[in-house]
Amino acid sequence: MSNKTRTKVKEPTSASQSAKPERKSARKQSTKAKVRTAQINSENDSEADDITNSEAKTPVKRGQKRKQIHEDEDEEEEKTFDSDALDEDSDSDAKPVKKKGRRSPQKPRAVKKKKGDEDEIDYELEDGQEVVGVVVQAPKTGHVPPGQISQNTLDFLSNLKKPECNDREWFKLHEPVYRLAEKEWNHFVEAFTDILAEVDPQIPHLPPKDVIHRIYRDIRFSNDKTPYKKGFSASFSRSGRKGIFAHFSPGGHSMIAAGSWQPGRNELATIRANIQRNPRRLRNVISAPDFVKFFGPAKPHPKGESQNIFGFEDELKTAPKAVAKDHKDIDLLKCRSFCVSHHFTDSEVLAPNFKESLAMVARVVQPFVHCLNDMMTVTGGEDGNTDEDDNDGEGDDPSE
């Protein structure tokens with residue numbers, strides 16, 4: 001019987017098997033750390049209890065402990081409803097205020113202070129504010145019925161003639177006065193349009209806003225930078241802007257005008273062509289007795305002054321081109337503008353029947369306006385059919 005020898009082979013240990021003791025040691029260490037932490041906490045609690053008991057110096061019974069707990073709760077409630085505590089909490093819990101947009105400056109508040117017999121106004125101004133003037137309110141007296149001109153309107157226009165008043169700052173402070181005068185002028189123009197439409201059927205019945213001129217001057221190409229006109233004005237005609245012109249300004253400068261002021265090159269050439277061919281109709285119109293009564297004799301003034309349709313500042317000194325100097329109608333051909341005007345005094349303007357006075361003048365100038373309308377739009381034939389046998393000067397308008 002043979003003896004068998006057994007050989008023990010040592011197998012290599014795997015990584016998982018070698019890691020197991022390490023994990024066990026790590027667990028033991030963490031467990032020891034937890035135990036030590038618990039011991040430290042318990043020691044701290046015991047020390048705190050010893051301090052509390054030493055401060056109390058007497059053992060606290062169960063009932064006394066409950067009573068003390070209730071008293072602590074009451075003190076906390078009182079602190080909760082204490083006004084000082086609320087203020088502190090509200091200050092600490094207050095939300096940040098959002099920045100608002102830039103506020104517009106408030107209007108200064110006026111406070112009247114009596115000093116003697118006069119009333120002084122003391123304005124409460126904020127930083128950056130200053131008083132530049134006091135707004136003048138519209139007059140409450142001196143009003144007239146619609147369709148008339150009041151003294152208040154003439155007074156306002158009189159102030160506009162002064163250089164120290166005709167500026168934007170003064171006008172802004174007197175805007176309520178201007179608005180009242182403007183409203184009065186609109187009512188007058190509306191009433192006058194009704195009468196004028198009866199006098200001249202060719203004039204359409206347009207609303208005041210379509211015939212009234214703006215009070216603001218066009219100063220873009222003018223050396224005079226005065227921002228406002230010195231009167232109210234309006235135009236009435238077939239086209240709504242030319243024909244009869246009414247202008248009201250105090251100091252005897254109110255007037256009514258009719259005709260064509262500085263017509264265009266083509267229109268002027270057409271008028272002169274018709275005058276060279278046959279001027280009889282135009283001469284009959286400007287020589288009529290009623291026309292001469294309002295506008296003067298139908299011939300140039302000896303001293304070169306304005307009279308009838310002659311003597312305006314734009315009149316030519318010599319004959320026009322291609323016209324002989326000794327032409328029989330050279331006085332008419334020298335005219336650059338064909339218009340007439342009649343002025344009224346302030347007392348006539350303030351009269352209740354001023355509209356009727358204007359209508360009377362409009363009735364006299366109506367043949368003159370119709371004649372110019374025809375001469376600017378129609379060139380007569382060789383036989384001179386320009387309605388020269390019409391004694392009253394009224395001609396049909398072929399454009400309508």
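## A walk through the fold, starting at a loop

Q262 sits in the loop that links β5 (254-260) to α7 (265-277). This is a predicted model, and this residue makes a handy place to start looking at it. Most residues other than glycine have a negative phi. Q262 goes the other way: its phi is positive, about 50 degrees, although it is not a glycine. How covered is Q262? It is partly exposed, with a relative accessible area of 39%.

There's another residue like this to look up. A322 isn't a glycine either, and its phi is near 65 degrees, a positive value. You'll find A322 in the loop between α9 (289-295) and α10 (330-333). With a relative accessibility of 83%, A322 counts as exposed.

Now let's zoom out. The protein has 12 helices and six strands, and of its 400 residues, 32% are buried. Take the contacts between residues at least 6 apart in sequence: 62% of them join residues at least 24 apart.

Next, pick out strand β3, which covers residues 232-236. How many of its five residues are buried? Five of the five are, so the strand is mostly covered, given that buried means under 20% relative accessible area. In a regular strand the side chains alternate between the two faces of the sheet. In β3, F232, A234 and F236 are on one side, while S233 and S235 are on the other, and both faces are covered.

Who is β3's partner? Five bridges join β3 to strand β4 (residues 243-248), and the two run antiparallel. One pair to find by eye is F236 and its bridge partner in β4, I244.

Follow the chain out of β4 and you reach S249, in the loop between β4 and β5. Is S249 buried or exposed? Though it lies in a loop, S249 is buried, with a relative accessible area of 4%. Leaving out residues up to four places away in sequence, S249 touches K161, K230, G231, S254 and D346.

Back to F236 and I244, which turn up again in the largest nonpolar core. This core has 61 residues, and those touching the most other members are F156, W185, F236, I244 and F368. Which element gives the core its largest share? That's helix α12 (residues 354-377), with 12 residues. As for F156, if you set aside its neighbours within four places in sequence, it is in contact with W170, F171, H174, V177, Y178 and A181.

Helix α12 deserves a longer look. It has 24 residues and reaches 33 Å from its first C-alpha to its last, close to the 34 Å expected at 1.5 Å a residue. Where does α12 kink? The kink, of about 40 degrees, lies at V365, shortly before the proline P367. The helix is also mostly covered, with 19 of its 24 residues buried.

Last stop: the cysteines. How many disulfides does the structure hold? Zero. Take C339, which is in no disulfide: the nearest cysteine sulfur belongs to C335 and is 9.3 Å away. A disulfide needs the two sulfur atoms within 2.5 Å, so this pair doesn't qualify. C339 is buried, with a relative accessible area of 9%. C165 is buried too, with a relative accessible area of 10%.

How values were computed. Residues numbered from 1 in each chain as written. Predicted model: local features only at pLDDT ≥ 70, side-chain atom pairs only at ≥ 80, totals over all residues. Heavy atoms only, no water. Buried < 20%, exposed > 50% of the residue type's maximum accessible area, 1.4 Å probe, protein only. Helix = DSSP H or I, 4+ residues; strand = E, 2+ residues; numbered from the N terminus. Pairing = 2+ DSSP bridges. Core = buried A, V, L, I, M, F, W, Y, C linked by side-chain atoms within 4.5 Å. Contact = heavy atoms within 4.5 Å. Expected span 1.5 Å × (residues − 1). Bend = angle between axes of the 7 residues up to and from the residue.
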